[in-house]
Amino acid sequence: MRHVLTNHRATLPTIASWAMFSRGLEPEFSQAVRQQLTQLSGPASEADSAIRDLTALPWCSIDNDDSRDLDQLTAIEALARGEVKVYVAVADVDAVVKKGSAIDEHARTNTTSVYTSAVVFPMLPERLSTDLTSLNPDEDRLAVVNEMDFSDDGILIGSSIYRARVRNKAQLAYDAVSAWIEDEAELPAAAHRIPGMNTQLRMQDELAQKLRVLRRAQGSLEFETFQPKALFEGDRITDIRQQPQNRARQLIEELMIATNGCTARFLAAQGSPSLRRVVRSPERWMRIVEVASEYGVTLPRQPDGKALEAFLAAQHRADPLRFPDLSLVIVKLMGSGEYAVERPHGPPIGHFGLAVQDYMHSTAPNRRFPDLITLRLIKAVLAGVKPPYSNDELDELALHCTTQEDAAQKVERQVRKSEAALLLHARVGERFDALVTGTGDKGTWVRIIAPPAEGRLKGDLPALKVGQSLRVKLVSTSVERGFIDFVLAH
């Protein structure tokens, strides 16, 4: 038995590929894609006077430790009276991947990269996403740049969008940058090599925290959702750990939210349709009201972002250890995000969770198809030509992207369950603290706290509510099927 289990890691890529296939996603690139790749000689280069040369700016990328598909760069400069100018460069993937090409058709089918610990299924071939269209260090690349001016207190004063040539000076990672910001570690070596990069990072962090405060004041919801990552030693899984929210992640998150808002308003002002990312008012608000009442808090009977934010913020302060559990419950009750087409002069749909009216996905075209669509819409406006997508085509893509994103999340969740089953197989019979994460016709689901893993609760059950704490016993696991079964512990 031991021998079989130590080899289980090798089965995870097979499980992941089957999960992709079974959910309507293509796990492999076609012959036509491979053929097109052979015809690409290098990164895009265009001789256009409208493309500005911004290669001298102190650009840096901040992403996960293992990220190789670099979509955006940031830079900042001080202006008079405490104002700052921020530059966010987004990789011009469209300069290499043309609409309707074989590579584009594959990206349009899957609409997103799918990340699992076993294998990554990139939306674009790796030769593109990690090289020719990636904003790699010390390489000139084409980009679309969003230039934003902010007041001393973080209010957006103005913004502009244009094409540019950029050059990444330092490839940095969230955890290392955050540790430095929090004075827990030295400045990362890649940043240390670039004169003034320490000042760049301090200024970007300072602005991001101001933007965060302003959004919170508008009712932006503070979540700490679970993003478990499996750790392996050879074939043996050793742990599953939650990836923590930190200051560097907040830095990028805030600058990207600002960029997405400016991009959405730019397209609207130019009379262009756009593909928005929306979370409508919560579908199950009264259940959220009930959850809050269990914590002794009364929320309004109508959806109210500010009231919900105040409740979440207070709970985060009062019980940070269990706050991710509450986050998970509220996220599920709010309902998932979706893509929707916003037409010129139409009513704004908004994003309830972010407390913004103008929001879209525009900053990750190497890994998300909606961002590539947006990139093409921007470039059409800048070039003064008609949009590359009709309204009907955008409507169809909005639905398709929403469907495929949901499928991709299910694949990632399925592989995470197989990882968790692999970790827990030797712990059958043990008892765990758990939280009810779902109840319905298809069963009752719980998530244990340590390690963070979700499974099904079996047996004759009393009436249970989402968010309820209980004690469970692990009774069986199946790595191949990603099944983890619990019963109530007595």
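A residue counts as buried when its relative accessible area is under 20%. With that cut-off in hand, here are some close-ups of this predicted model.

**View 1. Glutamate 393, a buried residue of helix H14.** Glutamate 393 sits in helix H14. Its relative accessibility is 18%, and because the cut-off for buried is under 20%, glutamate 393 counts as buried. Leaving aside residues up to four places away in sequence, glutamate 393 touches Lys99, Arg108 and Pro388.

**View 2. Helices H13 and H14 where they meet.** Here we stay with H14 (residues 391-424) and bring in H13 (residues 369-383). The two helix axes come within 10 Å and cross at roughly 155 degrees. That angle makes H13 roughly antiparallel to H14, since angles over 145 degrees are classed that way. On the H13 side, the contact is made by Phe369, Pro370 and Ile373; on the H14 side, by Leu394, Leu397 and Cys401. Sorted by class, this contact has 6 nonpolar residues, with no polar and no charged ones.

**View 3. Serine 362 and its surroundings.** Serine 362 belongs to the loop between strand S13 (338-342) and H13. Is serine 362 buried or exposed? With a relative accessible area of 7%, serine 362 is buried. Not counting residues up to four places away in sequence, serine 362 touches Val90, Thr259, Asn260, Thr263, Asp371 and Thr374. For one of these, asparagine 260, there is also a polar contact of 2.6 Å between its side chain and that of serine 362. Proline 452 makes a useful landmark for orientation: serine 362 and proline 452 are 90 residues apart in sequence and 31 Å apart in space, C-alpha to C-alpha.

**View 4. Helix H9 from end to end.** Helix H9 covers residues 247-269. At 1.5 Å a residue, its 23 residues should span 33 Å, and the end C-alpha atoms are indeed 33 Å apart, so the two values agree. Of those 23 residues, 18 are buried, so H9 is largely enclosed by the rest of the structure. Look at the start of H9 for asparagine 246: one of its side-chain oxygens reaches to within 3.2 Å of the backbone nitrogen of alanine 248. Just after H9 comes glycine 271, which takes a positive phi of about 75 degrees.

**View 5. Two exposed loop residues with positive phi, arginine 81 and aspartate 183.** Most residues other than glycine have a negative phi, which makes this pair worth a pause. Arginine 81 has a phi near 60 degrees and lies in the loop between strand S3 (72-78) and strand S4 (84-91). Its relative accessible area is 68%, so arginine 81 is exposed. Aspartate 183 likewise has a phi near 60 degrees, and its place is the loop between helix H6 (174-181) and helix H7 (189-192). Aspartate 183 is exposed too, with a relative accessible area of 63%.

**View 6. A cis peptide bond between alanine 450 and proline 451.** Most peptide bonds are trans. What is the omega of the bond that joins alanine 450 and proline 451? Omega is about -5 degrees, and this peptide bond is cis. To find the spot, follow the chain into the loop between strand S15 (443-448) and strand S16 (453-458), where proline 451 has its place.

Definitions and conventions
Residues numbered from 1 in each chain as written. Predicted model: local features only at pLDDT ≥ 70, side-chain atom pairs only at ≥ 80, totals over all residues. Heavy atoms only, no water. Axes fitted to C-alpha atoms, helices over the stretch in contact; angles between N-to-C directions. Helix = DSSP H or I, 4+ residues; strand = E, 2+ residues; numbered from the N terminus. Parallel < 35°, antiparallel > 145°, perpendicular 65-115°, else oblique. Contact = heavy atoms within 4.5 Å. Nonpolar A, V, L, I, M, F, W, Y, C, P; charged D, E, K, R; others polar. Buried < 20%, exposed > 50% of the residue type's maximum accessible area, 1.4 Å probe, protein only. Polar contact = N/O pair within 3.5 Å; in protein donor to acceptor, adjacent residues only side chain to side chain. Expected span 1.5 Å × (residues − 1).
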